[in-house]
Amino acid sequence: MGTRQIPVIIMLIGGSVSCAASLIRGVPMRSMLTALIITLIAFYILGHIIRIVVNKFFVNILDPEAEESEKTKEESLEESSGNESEDADTKQDADKASEQTHSEDEE
């Protein structure tokens, strides 16, 4: 999907704002770098959280074909599970019939 760059973009924007604010306020270089590193890490984590939310809730907007493929997969799973239960019922009926024929032969 196209959400791979979201954390990096958010981190760079946050770092740019932090650096610009520190330069305007005249913060010493060592303090500015410490604040910049903390800001970059925090915004990178925030970017990952935003990316997860976007992937989870907005998949249909970004990739409408993904929803169709999910529905197709669900339908095929439902059909296969339905066929398995029908096969199991058929097998049980056959077992009952064979038991009845064996009991009749013994009498």
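How many residues does α2 have, and what distance does α2 reach from its first C-alpha to its last? Helix α2 has 29 residues and reaches 41 Å between those two atoms, close to the 42 Å expected at 1.5 Å a residue. Please keep in mind while reading that this is a predicted model.

## The whole protein

Let us begin with the overall picture. The protein has four helices and zero strands, and from the N terminus on its elements follow the order α-α-α-α. There are 107 residues in the protein, and 14% of them are buried. The accessible surface comes to about 8800 Å², with 59% of that area belonging to carbon and sulfur atoms.

How do the contacts spread along the sequence? Take the contacts between residues at least 6 apart in sequence: 72% of them join residues at least 24 apart.

## A walk along helix α2

Helix α2 covers residues 29-57. Its buried residues are M32, L36, T39, G47 and V54. Several other residues of α2 are partly exposed, and four of them are set out here.

| Residue | Relative accessibility | Class |
|---|---|---|
| T34 | 45% | partly exposed |
| A35 | 30% | partly exposed |
| L40 | 25% | partly exposed |
| I49 | 48% | partly exposed |

Why does L40 count as partly exposed? Its relative accessible area is 25%, and the partly exposed class lies between the 20% limit for buried and the 50% limit for exposed. The same class takes in T34, because its relative accessibility is 45%.

T34 has its place in helix α2, and its side chain reaches the backbone oxygen of R30 at 3.0 Å.

I49 is found in helix α2 as well, and I49 is one of the residues in a nonpolar patch on the surface. The patch is formed by I37, I41, I45, I49, V53, F57 and F58, and together these residues have about 690 Å² of accessible area.

## Where α1 and α2 meet

Which residues does S18 touch, leaving out those up to four places away in sequence? The answer is A35, L36 and T39. S18 has its place in helix α1, which covers residues 6-25, while A35 lies in helix α2. L36 and T39 are among the buried residues of α2. S18 counts as buried too, because its relative accessibility is 15%, and buried means under 20%.

The C-alpha atoms of A35 and S18 are 7.7 Å apart in space, and the two residues are 17 residues apart in sequence. A35, for its part, is partly exposed, with a relative accessible area of 30%.

L40, found in helix α2, offers another pairing to look at. Its C-alpha atom is separated by 5.6 Å from that of G15, although the two residues are 25 residues apart along the chain. Apart from neighbours within four places in sequence, L40 is in contact with M11 and G15.

## A residue before α1

Is T3 buried or exposed? T3, which lies in the segment before α1, counts as buried because its relative accessibility is 5%. The side chain of T3 makes a polar contact with the side chain of N55, at 2.8 Å.

## Looking back

To retrace the route in the model, start with S18 in helix α1 and follow its contacts to A35, L36 and T39. Then find L40 and its contacts with M11 and G15. Finish with the surface patch that includes I37, I49 and F58, and with the polar contact between the side chains of T3 and N55.

Technical notes: Residues numbered from 1 in each chain as written. Predicted model: local features only at pLDDT ≥ 70, side-chain atom pairs only at ≥ 80, totals over all residues. Heavy atoms only, no water. Buried < 20%, exposed > 50% of the residue type's maximum accessible area, 1.4 Å probe, protein only. Contact = heavy atoms within 4.5 Å. Areas by Shrake-Rupley, 256 points an atom, 1.4 Å probe, with all protein chains shown as cover. Patch = residues over 30% accessible without salt bridge, like charges linked within 9 Å, V, L, I, M, F, W, Y side chains within 5 Å. Salt bridge = Lys/Arg side-chain N within 4 Å of Asp/Glu carboxyl O. Polar contact = N/O pair within 3.5 Å; in protein donor to acceptor, adjacent residues only side chain to side chain. Expected span 1.5 Å × (residues − 1).
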